[in-house]
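Please keep the structure open beside this note while you read. The points below go from charged pairs to strands and then to a pocket.

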Amino acid sequence: MQQILSQAEWYERAKSVLPGGGFGNFDPTMFIREGHGSRVWDEDGTEYVDLLIGSGPMLLGHGHPEVLEAVAEQLPRGMTFFANNALGVELAEEICRAVPCADQIRYVSSGGEADMYAIRAARAFTGRDKIVKFEGGYHGMSAEAQMSLAPSRMVNFPQAVPDSAGIPEGVRAEMLIAPFNDPDYIRSLLAEHGDQTAAIIVEPLQRIIPPAPGFLQLLRDEADKYGIVLIFDEVVTGFRFAYGGAQELYGVTPDIATLGKIIGGGFPLAAIAGRADIMAHFDKAAVGADKWLMQLGTLSGNPVAAIAGLKTMEVLRRDGNYDTLRAYGQRLMDLASAALNKHDIAHQIVGDRTLFEIVFTDNQPQNYRDVFSSDMAKGAAFNKVLMQNGLFKSPGKTYPCLALTEDDFALAEAAYAKAAAAIA
Ligand SMILES: Cc1ncc(COP(=O)(O)O)c(C=O)c1O
């Protein structure tokens with residue numbers, strides 16, 4: 001049985017067994033005890049409206065009854081087998097039905113792994129090494145993904161800045177870093193390096209920054225021109241922006257998409273989804289030993305995760321759910337804006353109604369540097385007051401979910417009012 005301790009006591013214990021006292025994800029002094037619907041409770045018993053939703057997966061809210069029932073049915077039948085299982089095939093079929101670029105998928109356990117293998121598959125397919133990545137783009141924790149993810153030192157493009165120690169210099173040399181939403185830069189970069197480039201990897205909406213009109217299509221066209229694999233990182237946007245993800249919403253189909261979060265229904269499951277001729281590189285019999293990409297993982301296609309994902313997706317497919325999610329996001333955006341406008345505080349609501357953040361700046365940010373040069377101290381102060389007033393969220397994102405209630409919107413309105421007054 002878990003002892004009842006305060007958060008401060010848990011943090012003391014955590015510090016001796018976890019570096020920095022935490023999992024590396026979130027403020028390590030906070031310990032969430034449980035979540036139900038749109039709410040979570042910390043170990044001190046404080047209740048919050050959850051606008052973090054596990055950093056994205058819990059789009060239906062915590063403990064959705066149908067997902068719980070499906071998982072409970074599977075648990076006594078077995079939790080993991082390593083071998084193929086039927087639920088994993090059904091989930092793959094549903095992903096291939098939903099996601100335009102997906103002829104086939106390969107399972108992994110986390111979004112970052114999916115990105116790592118997507119990059120490797122692009123290299124195997126093209127026989128080239130260089131990767132174009134956008135400054136500020138988040139693609140997990142692989143060596144390539146750690147290049148210019150959140151640099152505090154701005155260098156000239158296309159130079160990469162590693163955000164992590166322990167990465168060999170050789171990785172940096174293969175990365176070409178570009179500013180998001182700059183078509184001219186991409187054209188000139190690829191005119192020089194296009195024939196050595198294996199992949200362009202991009203979050204179709206980078207963190208919170210929407211693509212400028214035509215930017216994703218430009219990436220599609222340039223990738224086609226040079227025979228480059230276009231990878232959309234849809235770990236966040238998949239099954240959130242639309243049932244078919246950002247590629248459905250924006251009408252641009254990549255060659256590969258990476259998926260995670262929602263497709264595992266709150267359990268560790270992610271996937272690389274792509275064109276059959278690229279996915280063939282996961283099949284030794286199809287491409288031969290030299291072009292084969294070895295990939296396996298203990299929990300790949302885990303049946304508990306698969307049934308949670310299948311049930312989550314079944315609920316999402318029901319009429320009106322995406323309209324509801326967008327309406328909820330819009331309400332939160334409107335409440336935040338109204339509170340800030342009351343005090344004439346310059347701000348931008350940046351993102352999509354299904355995922356956004358408030359940025360304290362005069363103009364809509366187009367890239368990482370625009371966000372970096374916003375008033376981040378004001379953002380941090382605003383967030384702190386939101387947390388103190390019952391909104392549980394990350395410092396950089398607001399995630400609405402389908403379980404939000406009228407009480408939650410009332411609480412959010414009051415919290416936004418207090419936070420705006422505090423920074424006025
Ligand atoms: C766009 C994007 N890609 C990849 C990842 C990595 O996913 P995971 O944390 O499951 O490894 C994340 C995580 O938040 C993400 O936001």
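1. In this predicted model, Glu314 and Lys311 form a salt bridge in which the closest N and O atoms are 3.1 Å apart. Both residues belong to helix H11 (residues 303-317), where they sit three residues apart, about one turn of the helix. Glu314 counts as partly exposed because its relative accessible area is 29%, and the buried class is kept for values under 20%.

2. A second pair is formed by the side chains of Asp352 and Arg326, which meet in a salt bridge at 3.0 Å, N to O. Asp352 lies in strand S11 and Arg326 in helix H12 (residues 321-342), so this salt bridge ties together parts that are 26 residues apart in sequence. Asp352 and Arg326 are both buried.

3. Lys393 and Glu357 make a third salt bridge through their side chains, at 2.5 Å from N to O. Here distant parts of the chain are linked, since Lys393 is in the loop between S13 and helix H15 (406-423) while Glu357 is in strand S12, 36 residues away. Is each partner buried or exposed? Lys393 counts as buried because its relative accessibility is 3%, and Glu357 is likewise buried, with a relative accessible area of 4%.

4. Looking at the whole model, the count comes to 22 salt bridges. Some of the residues involved are joined in a network, made up of Arg220, Asp224, Asp255, Arg275 and Asp277.

5. Strand S11 (residues 348-352), which holds Asp352, is mostly covered, with four of its five residues buried. S11 runs antiparallel to strand S12 (residues 355-359), and five bridges join the two. The connection between S11 and S12 is a hairpin of two residues, and Val350 stands opposite Glu357 in S12.

6. Elsewhere, four strands form an open sheet in the order S1-S2-S3-S13, with mixed pairing. Its edge strands, S1 (32-36) and S13 (391-392), each pair on one side only. Strands S2 (residues 39-42) and S3 (residues 47-50) pair in the antiparallel sense over three bridges, and Arg39 stands opposite Val49 in S3.

7. The second largest pocket holds about 610 Å³ of space. It is lined by 22 residues, and Asn84, Ile105, Arg106, Tyr107 and Ser300 lie nearest its centre. Helix H3 (86-98) and strand S4 (104-108) each supply at least two lining residues, while the largest share, five residues, comes from H3. By type, the lining divides into 11 nonpolar, eight polar and three charged residues.

Terms used
Residues are numbered from 1 along each chain as its sequence is written. This is a predicted model: local features need pLDDT of at least 70, side-chain atom pairs count only at pLDDT 80 or more; totals for chains, interfaces and linings use all residues. Side-chain values use heavy atoms; hydrogens and water are left out. Two strands pair if DSSP finds at least two bridges between them. Buried means under 20% relative accessible area, exposed over 50%, partly exposed in between (1.4 Å probe, protein chains only). On a 1 Å grid over the protein atoms alone, a cavity is a set of points where a 1.4 Å probe fits but cannot get out, and a pocket is an open set with protein on both sides within 12 Å along at least five of seven lines; lining residues have an atom within 4 Å of a point. Grid points are joined across faces, edges and corners, and a volume is the space filled by probe spheres set on the points. Ala, Val, Leu, Ile, Met, Phe, Trp, Tyr, Cys and Pro count as nonpolar, Asp, Glu, Lys and Arg as charged, and the others, Gly among them, as polar. A salt bridge is a side-chain nitrogen of Lys or Arg within 4 Å of a carboxyl oxygen of Asp or Glu.
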